[in-house]
Structures are given as C-alpha cells and as structure tokens.
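Open the model in your viewer and keep the selection tool at hand. The stops below go from strand pairs to helices and end at an annotated site.

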Amino acid sequence: MSTSKTLYQQSTLPFKNPKKIKKKSPITWKSLTISSLIGTGFLLYMYYLRKEKDLALARERKRHLGKAKIGGSFELIDTQGRTVKSDDFLGQWILIYFGFTHCPDICPDEIEKMTNVVNKLEKEYNFKIQPIFISVDPDRDTPAVVDKYLKEFSDKIIGLTGSIDQVAKVCKAYRVYFSSGPKDQDDDYIVDHTIIIYLVDPEGLFVDYYGQTHDVDRIITSILMNKLKNDQLDGKKPSWWPSSLKGVL
C-alpha cells in the first residue's frame, strides 16, 4: 500500500520541463566582421596587383610607342659652342621648336608662343619645362647667331645648331621636313620647314605636338594632361593638379 501511495504522490507532483540548452551558432557578428575584413583585404590586394600589372604594361607600351614613332637621340652644338646630347635633358619636360633665325614671321610667332607657354606654366602652375630651339639652317645659324637671336625672346631657351649631318639626323628623328629655297641677289633665302612644337617627357620620349592652330592655353592644358598621365603611370599623386582644371578629369 505504501508503495502505491508513494507512486501516486510522485505522479501528482507538478511536472518540471527540463532546461533547454541553447546551441551557439558558428556564425556571429564578430565572425562576419572578421570574414568581411579578410575578404575586402584580399580583394584590395588583388586589385593592387592587377593595377600594378596594368601600369607596368602601360609604361612598357608607352616606351615602345614613343621609340617607334617620333624622336630619338641627337648630338648638337649649343650657343656656347659646347656639345649637347639628348640624354642631357633626361629628367626634364622639354618643348622643341625647329626653325631658323632669318625666318621673317612664322618662327618669331611660334617662339614667342612657346615662351609664353613656359612662363605661364612656371608662374601659374609652378611647373618648369625647358624650351629648346633647333636650327634647320646650319649654314647661316652659327652658335653666335642663334644666341643673339634667342635673347630677343627669352634667356630660358636653349639654342642648338650643328653640322648639316647633325641637323639632318635630328630632323629625321622628329620627322621634320626642311628645304632651302632659291637665293636672291643678296644670297638670302627662305627655309621651308615643318612648323611644330614638340613635347618630350622626362624619359626622352615624344608625347605630343602643337601646330600653328594651337594657342597658349590649349598647349598648356595638353601639357598638364600629359604630365598627369605620366605621374599616374609612375604611381605619383598629382598634388600639383590645378583646381581650375579638375573638371577636365
């Protein structure tokens, strides 16, 4: 009897549910954050590698195209009679104009335009670029003659001349046509030649050219754009980029 009573009492006791054990999910906000950071870092690293590869290919393509088209090494004589080589200008941006000192109007206009470009770049954009004048009339344009002629425009211009062979070589490299016309009774003559200002980058590679229709502002914008591209290829931050031209990008 006691046994059955005990069983009855036990059966009438309030039923207690066993405590449920909460299983922790392997996915938490912390793990999601860490995974996200790792994934983002990996993607950024892959983007960096791809960008570096693209920049390397672009630099190589730039060198290849620059060498294949226009420009090249040269050796000429400056206004002091010293030998000047193209390698002497490596590391600088340069503008080259081919002309002759007896030119009545076109050459003075183009040299003055080149001078204004150089001065404005230096004054307004703190960007120095070296202007160079190369004579296509070596018979008359001696170093002394070229020196006197260029002083009428600017003391920043480097004047170069040389022998007929030296001048012919640099003109061929830059695809510059020149031909002396017939002499008059005073032995004076006009030299027909290509009227172009060439832009060369610090690696000595041809970058762009500007004809008579290009004014000062248009040339300056082109030079700044080319410098920007060059800085990007070299991985430089274009901190020099003027605020007035930010809309161009």
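Select strand E1 (residues 75-78) together with E2: the two pair in the antiparallel sense over three bridges. Strands pair here if DSSP finds at least two bridges between them. Helices (H or I, at least four residues) and strands (E, at least two) are DSSP runs, numbered from the N terminus. Within this pair, Ile77 faces Thr83 of E2.

The model is predicted, so local features need pLDDT of at least 70 and side-chain atom pairs count only at pLDDT 80 or more, while totals for chains, interfaces and linings use all residues. Residues are numbered from 1 along each chain as its sequence is written, and side-chain values use heavy atoms, with hydrogens and water left out.

Next, add E5, which pairs with E1 in the antiparallel sense over two bridges. Look for Asp78, which stands opposite Leu160 in E5. Then add E4: E4 and E5 run parallel and are joined by three bridges. Phe133 has Gly159 in E5 as its bridge partner.

Now show the whole sheet. It is open, has seven strands in the order E2-E1-E5-E4-E3-E8-E9, and its pairing is mixed. Which strands stand at the edges? They are strand E2 (83-85) and strand E9 (206-210); each has a single partner strand, so one side of each has no neighbour in the sheet. From one strand to the next, the twist averages 35°.

Turn to the helices that lie across these strands. H3 lies across strand E3 (94-99), strand E4 (130-135) and strand E8 (197-200), and runs at about 170° to E3. Angles run from 0 to 180 degrees between N-to-C directions, with axes fitted to C-alpha atoms, for helices over the stretch in contact. Helix H5 (residues 164-173) lies across E1, E3 and E4, at about 120° to E1.

Select helix H4 (residues 143-150) and colour by accessibility. Its buried residues are Val146, Tyr149 and Leu150. Buried means under 20% relative accessible area, exposed over 50%, and partly exposed in between (1.4 Å probe, protein chains only). The three buried residues cover an arc of only 90° around the axis, which puts them on the same side of H4; the arc is that of the directions from the helix axis to the C-beta atoms. Ala144 and Lys148, on the other side of H4, are exposed. The cover over the buried residues of H4 includes H3, E4 and strand E5 (158-161).

Last, select Cys103, Cys107 and His193, which an unreviewed UniProt entry annotates as "binding site". They are spread over 91 residues of sequence but cluster in space, with a largest C-alpha distance of 10.4 Å. UniProt positions follow the numbering used here, feature names are shortened, and annotations may be inferred rather than shown by experiment.

Zoom in on Cys107, in helix H3 (residues 106-125). Cys107 is buried, with a relative accessible area of 0%. Leaving aside neighbours within four places in sequence, Cys107 is in contact (heavy atoms within 4.5 Å) with Tyr97, Gly99, Phe100, Tyr149 and His193.

Move to His193, in strand E7 (residues 191-193). Is His193 buried or exposed? At 9% relative accessibility, His193 counts as buried. Beyond four places in sequence, its contacts include Phe98, Cys107, Val136, Tyr177 and Phe178. To finish, show the backbone oxygen of Phe98, which lies 3.3 Å from a polar atom of the His193 side chain.

How values were computed. A polar contact is a pair of N or O atoms within 3.5 Å; within protein, one must be able to donate a hydrogen and the other to accept it, and residues adjacent in sequence count only if both atoms are side-chain atoms.
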